[in-house]
Amino acid sequence: MRFRDCFEYIASRWASELVILSAGNCSEMWWEVTHDTERAFYLEASMSLASMFGAGIALGVRQMPVWVFSGDGAFCMNPGMLMVEHQMNLPNLTHFLVSNRCYGSTYEARLPNASSNDYAAMARAVGIERVYAFDSLDSLKCDFDKAVLAPGHTFVVLEVEAVGKKLQEPPMDGPEMKYRFGRYIERVAGVRVFDDSLK
Amino acid sequence: MAKAATGITAQIVEQVAKCGIQLVASLPDTWISDLIEAFDKDERFLHVPVNREESAIGLCSGAFFSGTGSLALMGASGFMTCVYALTKINYTYQIPLLLFMTLRGSMGDHAKYHVSNGLYLKPLMDSISMPYTVVDSPNKVSIISQAYTHSRVMSRPVVVGFTRSVLRGEQ
């Protein structure tokens, strides 16, 4: 399915979830679709750590669903993240693997073993039970509620086409993103992120 | 393991608890096996064994945004693999992080294959302006809480390095 169509649909269903995007196409496409500056954290400098970052958040704000989007380029750098995710078994964590079968943000360079990687099978192999894979927008729409809105640690593979062009990076630097996102969490979740509260 | 090691392990764990840390993410090194086990068994902490040290960096950095105090615990070799994660995540986004590390390759290490850690660990930390402090005796364990506070004041990672003799209770 088209990458943008996929993200546009998911963003249309976005309610109260905190969203973590991995570096490259995921961050850039979510920015392009939503222009959100508070509820999404564009972990543009991450390479394979977005789901661990999201798990750390999900651990402390159990009442808030956390969606993590990582590309398969990021995933292949640290597939063992699935072992840690399953071990933690956070019911409010959904990990979307955006599979375009290439290193998207570096001019779509070849991904190792691209045609054979079965990410859903890898997730099942470590014991993750709620595993879904969608390669069409219709199938995503049909089963979105079951896959994404039901509670339980979930791994969702989204097979998308390569973007084919360079996208704009979210125009915020690190500290700005840190404070926008952190203050949002403080407001809605009632936790104290920073030592000096705004209250 | 010597009885004194139990004592130093308990001291370290108490200092970490005193900081309000609740999450400990670890990857083992032989020098910290007792410490990892102590965190794992202590109900005050959620101990998460990770697959690689960078995952500990990611997990603890995310935990910051949920108001959860955390500690990344690893060996020196593992720390060497984390330069990317630390400089890209913690430095870029100015996220504090307390990191415990074994000072492999330093005087007293009997392992030959930690030569690179002995030669390059401290110069590496200096080269990336990573604040660090060394616990080489039991009476320095109390610096842990200072290191944690410092990481939050500076919004940067701070490393606490432990020598073999202190972790093994040989002092």
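**Exercise 1. The sheet of chain A**

In this predicted model, four bridges connect strand β1 (residues 18–21) of chain A with strand β3 (residues 66–71) of chain A, the two running parallel. Place this pair in its sheet and identify the edge strands.

*Solution.*
1. Begin with a single position of the pair: Leu18(A) stands opposite Val66(A) in β3(A).
2. Extend to the sheet, which is open, has six strands and follows the order β2-β1-β3-β4-β8-β7 (chain A). Its pairing is parallel.
3. Read off the ends of that order: β2 (40–42) and β7 (130–134) of chain A are the edge strands, each pairing on one side only.
4. Add the geometry. On average, and with direction ignored, neighbouring strands of this sheet are turned by 15 degrees against each other.

**Exercise 2. The sheet of chain B and its helices**

Determine the strand order of the open sheet in chain B, and state which strands helix α3 (residues 53–64) of chain B lies across.

*Solution.*
1. The six strands are arranged as β2-β1-β3-β4-β6-β5 (chain B), with parallel pairing.
2. At the edges are β2 (46–49) and β5 (132–135) of chain B, each of which pairs on one side only.
3. The average turn between neighbouring strands of this sheet, direction ignored, is 20 degrees.
4. Within the sheet, strand β3 (residues 69–74) of chain B is joined by four bridges to the parallel strand β4 (residues 97–102) of chain B. One bridge partner can be named: Met74(B) has Met101(B) in β4(B).
5. Helix α7 (residues 143–154) of chain B packs on the sheet and touches β4, β5 and β6 (157–162) of chain B. The direction of α7 makes about 160 degrees with that of β6(B).
6. Helix α3 of chain B lies across β1 (21–26), β2, β3 and β4 of chain B, and runs at about 170 degrees to β3(B).

**Exercise 3. Buried faces of two helices**

Which residues of helix α1 (residues 3–12) of chain A are buried, and which residues of helix α5 (residues 83–91) of chain B are buried? Show how they are arranged around each axis.

*Solution.*
1. In α1 of chain A, the buried residues are Phe3(A), Cys6(A), Phe7(A) and Ile10(A).
2. Viewed down the axis of α1(A), these buried residues fall within an arc of 90 degrees, so they line one face of the helix.
3. The buried residues of α1(A) pack against α2 (25–34), α7 (137–149) and β8 (154–159) of chain A.
4. In α5 of chain B, Ala85(B), Leu86(B), Ile89(B) and Asn90(B) are buried.
5. Here the arc seen down the axis of α5(B) is 100 degrees, so the buried residues again line one face of the helix.
6. Among the elements covering the buried residues of α5(B) are α3, β4 and β6 of chain B.

**Exercise 4. Contact between the chains, and the core**

How many residues does each chain bring to the contact, and which residues have the most contacts inside the largest nonpolar core?

*Solution.*
1. Chain A brings 30 residues and chain B brings 28 residues.
2. On the side of chain A that touches chain B, α3 (50–60), α5 (81–88) and α8 (174–189) of chain A each supply at least two residues. The largest share, eight residues, comes from α3(A).
3. By type, this side of chain A divides into 19 nonpolar, eight polar and three charged residues.
4. The largest nonpolar core has 109 residues, and those with the most contacts inside it are Leu21(A), Ile57(B) and Ala72(B). The largest share of this core, seven residues, comes from α3(A).
5. Not counting residues up to four places away in sequence, Ala72(B) touches Ala25(B), Ala56(B), Ile57(B), Cys60(B), Leu97(B) and Leu99(B).

**Exercise 5. Three loop residues of chain A**

Is Ser105(A) buried or exposed? Is Ser48(A) buried or exposed, and is His35(A) buried or exposed?

*Solution.*
1. The cut-offs are 20 or more other C-beta atoms within 10 Å for a buried residue, and 12 or fewer for an exposed one.
2. Ser105(A) lies in the loop between β5 (102–103) and β6 (109–110) of chain A. Ser105(A) is buried because 22 other C-beta atoms lie within 10 Å.
3. Leaving aside neighbours within four places in sequence, Ser105(A) is in contact with Ala23(A), Gly24(A) and Asn25(A).
4. Ser48(A), in the loop between β2 and α3 of chain A, has 25 other C-beta atoms within 10 Å and is therefore buried. Although not a glycine, Ser48(A) has a positive phi of about 90 degrees.
5. His35(A) is in the loop between α2 and β2 of chain A. With 10 C-beta neighbours inside 10 Å, His35(A) counts as exposed. Phi of His35(A) is also positive, near 50 degrees, in a residue other than glycine.

Notes: Residues numbered from 1 in each chain as written. Chains lettered and ligands numbered in written order. Predicted model: local features only at pLDDT ≥ 70, side-chain atom pairs only at ≥ 80, totals over all residues. Pairing = 2+ DSSP bridges. Axes fitted to C-alpha atoms, helices over the stretch in contact; angles between N-to-C directions. Contact = placed C-beta atoms within 7 Å. Nonpolar A, V, L, I, M, F, W, Y, C, P; charged D, E, K, R; others polar. Core = buried A, V, L, I, M, F, W, Y, C linked by C-beta atoms within 7 Å. Arc of directions from axis to C-beta.
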